[in-house]
Amino acid sequence: MKPLHVIRMVCLMLLSAPVCGQSSLQVGQPAPDFNLTGVDGKRYSLNSFREATVLVVIFTCNHCPTAQAYEERFKKFTRDYAAKGVAVVAVSSNDPLAIRLDELGYTDLDDTYEAMKIRAREHEFNFPYLYDGKTQETGRAYGAQATPHVFVLDNKRAIRYQGRFDNTEKPTAIPGTNDVIDAVEALLAGKPVAVAQTKTFGCSMKFSDKQVTVAREKESWKQETVNLEKIDEKGIAALLKNDSDKLRLINVWATWCGPCVSEFPDFLTMYRMYRGRDFELVTISADPPEKEEKVLQFLQKRYASNTNYLFDQEDKYKLIEAVDPNWQGALPYTLLIAPGGKIVYAQQGTIEPLQLRKIIVESSYIGRYY
């Protein structure tokens with residue numbers, strides 16, 4: 001497992017070097033046109049915003065904590081400047097196949113087009129959100145370096161500013177600079193932009209050449225140790241008490257349970273997404289104790305290096321009472337337990353993965369932002 005500070009360094013960096021040898025477009029250069037599909041199903045190009053005096057193009061994405069931290073400011077900026085002839089368009093140029101699971105530790109959604117639709121709907125984006133992830137042609141043409149990376153275009157669609165939105169990442173903080181706002185105000189007043197270029201701070205662009213890192217991550221899972229231990233009622237009580245400082249996800253399952261087997265990969269995905277945070281996955285098999293080897297083989301085939309237990313008794317009613325007296329006994333059964341033992345989620349039957357990921361990432365123990 002990579003330490004959290006290493007994961008953060010990979011995902012979030014102060015960018016001073018070009019990505020993949022591609023430099024950002026410079027101030028004064030004409031903005032490249034594009035022809036991209038928005039989350040509303042419509043196609044957009046520069047001509048779609050021909051009525052705007054100023055066009056602000058924001059390269060962003062779903063998964064990046066910095067991008068998420070800026071979304072409300074993007075919305076407020078759009079509201080504040082719409083009547084002044086300023087249009088805003090957001091573009092996601094990340095290739096969804098080039099994002100490792102350990103880079104999704106601050107999100108419930110990946111960067112697919114379908115996930116973009118969900119993000120835009122749930123957060124009520126008031127600007128078009130366009131998908132460039134299939135080819136990344138637009139992101140490469142502009143030389144987008146990180147998410148978010150902002151380009152401000154004048155009425156002739158020449159670039160007059162490029163860089164950060166402002167210099168403060170945290171949503172609740174007051175920014176020390178207002179780089180994009182200052183640039184837009186200058187253009188509206190017919191004045192030159194005083195600070196026309198800044199560096200960007202955020203997650204690196206996930207262009208398709210980074211698919212190799214995803215393949216390496218998957219190979220690394222095969223090297224992780226998979227263990228299975230026996231657990232009794234007393235051990236389960238300790239798990240439920242959760243004296244750790246981590247959000248604990250517990251899944252009770254069995255190899256003979258079809259729905260359990262079908263959803264098991266969803267739990268491993270969450271484990272690999274959030275294990276660099278204050279999160280852990282614990283599984284408890286309800287198989288008979290003598291099936292220990294079968295359970296271990298199942299786990300090994302899936303490289304399940306999380307904490308795994310096998311209940312040490314045949315009496316499944318003792319397991320039920322030990323896990324949760326409110327549980328009626330049907331498998332699978334899932335609990336999410338906060339430090340101190342508070343149950344924040346309980347589900348008999350299969351989970352809805354997106355719903356559970358949202359609960360995890362929006363908990364006070366995890367969170368979407370640094």
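Rings of Phe, Tyr and Trp (its six-membered ring) pair if their centres lie within 6.5 Å. By this rule, 17 aromatic pairs are counted in this predicted model. The legends below begin with the whole chain and then turn to single sites.

**Figure 1. The whole chain, with 11 helices and 16 strands.** The C-alpha atoms of this predicted model fill a box of roughly 80 × 35 × 35 Å, taken along the principal axes. Of the 370 residues in the chain, 56% are buried. Among contacts with a separation of 6 or more, 78% are between residues 24 or more positions apart. The accessible surface of the chain is about 16,500 Å², and carbon and sulfur atoms account for 51% of that surface. The chain carries 46 positive and 47 negative side chains. The centres of these two sets of charges lie 5 Å apart.

**Figure 2. The aromatic pair of Tyr 70 and Phe 165.** The two ring centres are 6.0 Å apart and the planes meet at 65°, so the pair is edge-to-face; planes over 60 degrees apart count as such. Tyr 70 belongs to helix 2 (residues 65-81), whereas Phe 165 sits in the loop between strand 9 (159-163) and helix 5 (179-188). The pair therefore ties together parts that are 95 residues apart in sequence. Are these residues buried or exposed? Tyr 70 has a relative accessibility of 4% and Phe 165 one of 6%, so both count as buried, the cut-off being under 20%.

**Figure 3. The aromatic pair of Phe 74 and Phe 165.** Here the ring centres lie 5.4 Å apart and the planes are at 75°, so this pair is edge-to-face. Phe 74 is in helix 2 and Phe 165 in the loop between strand 9 and helix 5, so the pair links parts that are 91 residues apart in sequence. Phe 74 and Phe 165 are both buried.

**Figure 4. One aromatic cluster around helix 2 residues Tyr 70 and Phe 74.** Which residues form the cluster? Tyr 70, Phe 74, Phe 77, Tyr 81 and Phe 165 make it up. Phe 165 takes part in the pair with Tyr 70 and in the pair with Phe 74.

**Figure 5. The disulfide between Cys 257 and Cys 260.** A disulfide is a covalent bond between the sulfur atoms of two cysteines. How many disulfides does a search of the whole structure find? The search finds 1, and it joins Cys 257 to Cys 260 with an S to S distance of 2.3 Å. The torsion about the S-S bond is about 75°, so the disulfide is right-handed. Cys 257 has a relative accessible area of 5% and is therefore buried. Cys 260, at 0% relative accessibility, also counts as buried.

**Figure 6. Two further cysteines, Cys 64 and Cys 203.** Cys 64 is buried, with a relative accessible area of 0%. Cys 203 is likewise buried, and its relative accessible area is 0%.

**Figure 7. Gly 276 and Asp 102.** Where does Gly 276 lie? Gly 276 is in the loop between helix 8 (258-274) and strand 13 (279-285). With a relative accessible area of 16%, Gly 276 is buried. Asp 102 is 174 residues away from Gly 276 along the chain, and the C-alpha atoms of the two are separated by 7.3 Å.

Notes
Residues are numbered from 1 along each chain as its sequence is written. This is a predicted model: local features need pLDDT of at least 70, side-chain atom pairs count only at pLDDT 80 or more; totals for chains, interfaces and linings use all residues. Side-chain values use heavy atoms; hydrogens and water are left out. Helices (H or I, at least four residues) and strands (E, at least two) are DSSP runs, numbered from the N terminus. Buried means under 20% relative accessible area, exposed over 50%, partly exposed in between (1.4 Å probe, protein chains only). Contact means heavy atoms within 4.5 Å. Accessible areas come from the Shrake-Rupley method with a 1.4 Å probe; for residues, only the protein chains shown count as cover. Lys and Arg count as positive and Asp and Glu as negative; His and the chain ends are not counted. The place of a charge is taken as NZ of Lys, CZ of Arg, CG of Asp or CD of Glu. A disulfide is a pair of cysteine sulfur atoms within 2.5 Å. Rings of Phe, Tyr and Trp (its six-membered ring) pair if their centres lie within 6.5 Å; planes under 30 degrees apart count as stacked, over 60 as edge-to-face and the rest as tilted.
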